[in-house]
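Let us walk through this structure step by step, beginning with a small piece of strand pairing and working outward to the way the nonpolar residues gather.

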Amino acid sequence: MAQENLCIDQQYLKDVLERLLNTPSPSGMTDDVVRFTCAELDKLGIHYELTRRGAIRATLPGTHYSPRRAVAAHLDTLGAMVKNLKENGRLSVVPIGHWSARFAEGAKCTIHSDDGKTFRGTILPLKASGHTYNEGIDEQPSAWDNLELRIDEVCADVDTLWNMGIRVGDFISIDPQPEFNENGFINSRHIDDKAGVASILAAAKAVKDSGQPLPLDCHLLFTISEEVGVGASHVLHGDVAEMVSVDNGTIAPLQNTCEYGATIAMQDSTGPFDRHLTKHLIDICMRKSIEFSRDVFLYYRSDSAAALEAGNDIRTALVCFALDASHGYERTHAKSLDCVARVLGEYMLSSPIFSEHENVIGEIENFPMIDNTSLEQQITKKKKL
Ligand SMILES: [Zn+2]
């Protein structure tokens, strides 16, 4: 009997995304967002464990224990850090993760000091006053060295900064400024990758609500240091055979990312994704009529790259939600997130790509061959059998 298509609780997805966006989590300061995600997993009745550093490995049990699947998204975001306390009572800052100083200009932010105190402020160009510098503002290049953080406190010298408890290395979280429009557009910083986390949670909820059994165990991995390159390298068990990462697909000229659907990445800067697993995801989209496109990314790496570089012998693929102006003032659309959550949920419920024997290290006879016949031909073939 054909399985029913999954239905994503879009209100849940939106609510979780909004609360995730409002929980600051620059790489290195992720404890709060980890606690938040654990609380959501508790509510969904999904068991999880934490790694030493706080990455989350949750499990949706399947009818077969092995080989296991995983879907992964990162909880950490871009941010900044105090580089120096300046004589003028302001702060010099460096980025956490890779993002342009251009997008930091004018950003409202919070400084998190060691004793738990927080201070509000704004990151500004050194030449910020229009009435003083006039066209000089436009002549100053966008660079992190040309920025400083203005704190909303009575503070005009370095001693006051020190006495307030501000130190070199304090974390700075950038205000996300989320805006959910009625027509489905979602604007915010840090949609990368909180939309991925929300999509995984919504997919898991849909799978649980459907009552359908998972053929294989599926881990839900929430990593905490992707933006600084570590990704899913340390949260994988040896028995995970395949991993689907969820991250942003860039909307830009010459990109083929689907703004209102899911995008299956074929290759990123680290090379092609696993052909079998990628084809499996494309087949799911076609079979379940989920809007999708295929894309190739140039300046891009995800949790998958880190997992492979760490020496894991696993198949990896990447599913993307649409993201305009990535690592800047980002925008996605609710339809794209719905499609991504559906792909993930259907993947969790899908039959194994290979028989148990084919997916372990072994004889050449057991090594899988890709079926090059078209999906239509395969369906006709199956009907005849
Ligand atoms: Zn990302």
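In this predicted model, a convenient place to start is L124, which stands opposite E148 in strand β8. That pair belongs to the antiparallel arrangement of β7 with β8 (residues 147–151), the two strands being joined by five bridges. Strand β7 is also joined to β6 (residues 108–112), again through five bridges and again antiparallel, and here H112 is found opposite T118 of β7. The link between β6 and β7 is a hairpin with five residues between the strands, and G116, in the turn, has a positive phi of about 90°.

What distinguishes the two faces of β7 (residues 118–125)? One face, made up of F119, G121, I123 and P125, is covered, whereas the other, which carries T118, R120, T122 and L124, is uncovered. This fits a general pattern, because in a regular strand the side chains alternate between the two faces of the sheet.

We can now turn to the nonpolar cores. The largest of them has 79 residues, and V319, V343 and L344 are those with the most contacts inside it. Helix α7 (residues 191–210) supplies the largest share of this core, namely 11 residues. Apart from this core lies another one, of 23 residues, which includes I123 along with A80, I96 and I151; I123 is also one of the residues on the covered face of β7.

Returning to V319, and setting aside its neighbours within four places in sequence, one finds it in contact with V244, V246, A262, I264, L281, V340, V343 and L344. As a general background, nonpolar side chains tend to be buried together in soluble globular proteins.

Methods: Residues numbered from 1 in each chain as written. Predicted model: local features only at pLDDT ≥ 70, side-chain atom pairs only at ≥ 80, totals over all residues. Core = buried A, V, L, I, M, F, W, Y, C linked by C-beta atoms within 7 Å. Buried ≥ 20, exposed ≤ 12 C-beta atoms within 10 Å, placed from the backbone. Helix = DSSP H or I, 4+ residues; strand = E, 2+ residues; numbered from the N terminus. Contact = placed C-beta atoms within 7 Å. Pairing = 2+ DSSP bridges.
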